[in-house]
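Student: I should like to learn how to read the main features of a protein model. May we work through one together?

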Amino acid sequence: MTDSAPPKRLACIACTRAKRKCSKQTPSCHRCAAKKVVCRYPAPRVAPPYDFVFSQDGAVSVIPIPDTADRHPLPTPPSQVGEQQQQQQQAEEQPQGQTELSPSAHGARAAADSLKDPWFLSPSSWDIDHRHGPIPSQIYFSDEALTYFIDQLRGWLRQWTTEGHCPFIHQQLWRIHLPDNIQDAFTSLAAYNSKTPATEKTVLRIIESRVNNLVDTQHASSVGDFGVIMLDPACHLARTQALLIYKIIRLFDGDIRARAQAEKNIDTLALWARQLWQSAGLALSSSSHKELSSGPVGTQLRTDGTLTSTWQAWIFSESIRRTYLAATLTEAVYLTLKQGWSPCPGGIVFSGGAGLWDATSPFAWVKRYQENAVNSIRCIDGEQLFSSAKASDVDEFCQATMIVSYGLERFDRWRNEMM
């Protein structure tokens, strides 16, 4: 085929998702016209202007390809509709009988998006969007959504003690160094999960003592905005995750004393979560953020350009995002139980694409990123996600945030729309 040959017309997005034959008419194909839905076609495909060369030690070299059209790297959130169209287009354009790409080829192409100016290390990705949009400034959760989210939180804590990870604690996060705060939270949670009626009061007293020790050991100077720079992001993350775990246990246990004691630290958790978020943004906005001290934690907010270090930086970045979101939603859910409503904490961007969080290696992670229809999501842009993706395109954590924000009924309708 010559360069002047007309491009092959692609199936529309709706037909591609439904795996149905598309008549490819414009402005609407037959199927979309019959269903009275908007018919949209994917944008033209643009090849990346660089190749990746992988050495035996895992390093990646970027080799520019001259005389090619410019292509933006990883798209900036909140929306990845363009990326979804590109993913669907690639599947549509692959000729029949073409040999499937090898894993290394998949990794090389996906690395073009993940290793070149990754969005999650951009200072702007740490901005909190306080637009109300479809979600009002005061959130009124439904009873079913509240119950579902609380059950999810408690289930995630059990998963952490049995499998070593959960949707907001990554299996690689504390693999090298396990902070004392996280050790205490893990052992307390394990004791709580195995408690009996005879030991229940003792376990709750142990947890109360651990919480008091955690809060009391923080220096007075860590209160307020000055506390943001007193700890590095890893220390902020460890203490916030630990306090969140204790908070989930005690707020929803049912014991009156445990709940009353937990309420005293609601403002502390909100403060720590805010400082955690600000510390990450400050580290990346600093001119010296590339020289952050590595310390005992290898997964800091930086990358040397290799696939492994980029994956580790994503793990650390995403752990901060999910911990912040879990903390703010836990507070919102509890306030709604008490007073019937909660202020909207604003929208942040996180990675909710299916399979990204559970990837066990950098190559599995980058391959999932290339294949996914959805990767990064802003939590207040749910209506856009409803219209441009399927429920199966996002993972368990994202699904839980959608349910608690928009209700079980709306989520079930979304889940069944594309079946």
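The dialogue below takes up the overall make-up, the nonpolar cores, one helix, the salt bridges and the cysteines.

Student: What secondary structure does the protein have?

Tutor: Please bear in mind that this is a predicted model. The protein comprises 15 helices and six strands. Of its 419 residues, 48% count as buried. About 20,300 Å² is exposed, and carbon and sulfur atoms supply 52% of that area.

Student: What share of the contacts joins residues 24 or more positions apart?

Tutor: Among contacts with a separation of 6 or more, 73% involve residues 24 or more positions apart. Two pairs illustrate separation in sequence and in space. Gly305, in the loop between α10 and α11, is 188 residues from Asp117 in sequence, yet their C-alpha atoms are 9.2 Å apart. Arg274, placed in helix α10 (residues 266-285), is 54 residues from Thr328 in sequence, with a C-alpha to C-alpha distance of 9.2 Å.

Student: Are Gly305 and Arg274 buried, exposed or partly exposed?

Tutor: Gly305 has a relative accessible area of 27% and is therefore partly exposed. Arg274 is also partly exposed, at 39%.

Student: How should I read a nonpolar core, and which residues touch the most other members here?

Tutor: In soluble globular proteins, nonpolar side chains tend to be buried together. The largest nonpolar core in this model has 90 residues, and Leu301, Ile320, Trp365 and Leu385 touch the most other members. The greatest contribution comes from helix α11 (residues 307-339), which gives 14 residues. There is also a second, separate core of seven residues, including Ala11, Cys15, Cys22 and Cys32.

Student: How does the span of α11 compare with the span expected for a helix?

Tutor: From first C-alpha to last, the 33 residues of α11 reach 47 Å, close to the 48 Å expected at 1.5 Å a residue.

Student: Is α11 mostly covered or mostly uncovered, and what follows just after the helix?

Tutor: It is mostly covered, with 26 of the 33 residues of α11 buried. Just after α11 comes Gly340, which takes a positive phi of about 90°.

Student: What is the idea behind a salt bridge, and how many are counted here?

Tutor: Side chains of opposite charge can pair when their charged atoms come close. The count for this model is seven salt bridges. One of them joins Arg322 and Asp395, whose closest N and O atoms are 2.7 Å apart. Arg322 lies in helix α11 and Asp395 in the loop between α13 (382-388) and α14 (396-406), so this salt bridge ties together parts that are 73 residues apart in sequence. Both Arg322 and Asp395 are buried.

Student: Which other helices does a salt bridge link?

Tutor: The side chains of Arg210 and Asp184 meet in a salt bridge at 4.0 Å, N to O. Arg210 belongs to helix α7 (residues 200-216) and Asp184 to helix α6 (residues 180-193), so that distant parts of the chain, 26 residues apart, are linked. Arg210 counts as partly exposed at 28% relative accessibility, and Asp184 counts as partly exposed at 27%.

Student: Where do Asp412 and Arg415 lie, and how far apart are they in sequence?

Tutor: An α-helix has 3.6 residues a turn, so residues three or four places apart point the same way. Asp412 and Arg415 both lie in helix α15 (residues 408-417), three residues apart, about one turn of the helix. Their side chains meet in a salt bridge at 2.5 Å, N to O. Asp412 is partly exposed at 27% relative accessibility, and Arg415 is partly exposed at 42%.

Student: Which residues are joined into one network by salt bridges that share partners?

Tutor: Glu318, Arg322 and Asp395 form that network.

Student: How many disulfides does the structure hold, and why is Cys32 not bonded to Cys29?

Tutor: A disulfide is a covalent bond between the sulfur atoms of two cysteines. The structure holds zero disulfides. The closest cysteine sulfur to that of Cys32 is in Cys29, and because the distance is 3.6 Å, it is too far for a bond.

Student: Are Cys32 and Cys398 buried or exposed?

Tutor: Cys32 counts as buried at 1% relative accessibility. Cys398 counts as buried at 0%.

Notes:
Residues are numbered from 1 along each chain as its sequence is written. This is a predicted model: local features need pLDDT of at least 70, side-chain atom pairs count only at pLDDT 80 or more; totals for chains, interfaces and linings use all residues. Side-chain values use heavy atoms; hydrogens and water are left out. A nonpolar core is a set of buried Ala, Val, Leu, Ile, Met, Phe, Trp, Tyr and Cys residues joined through side-chain atoms within 4.5 Å. Buried means under 20% relative accessible area, exposed over 50%, partly exposed in between (1.4 Å probe, protein chains only). Helices (H or I, at least four residues) and strands (E, at least two) are DSSP runs, numbered from the N terminus. The expected span of a helix is 1.5 Å times one less than its number of residues. Contact means heavy atoms within 4.5 Å. Accessible areas come from the Shrake-Rupley method with a 1.4 Å probe; for residues, only the protein chains shown count as cover. A disulfide is a pair of cysteine sulfur atoms within 2.5 Å.
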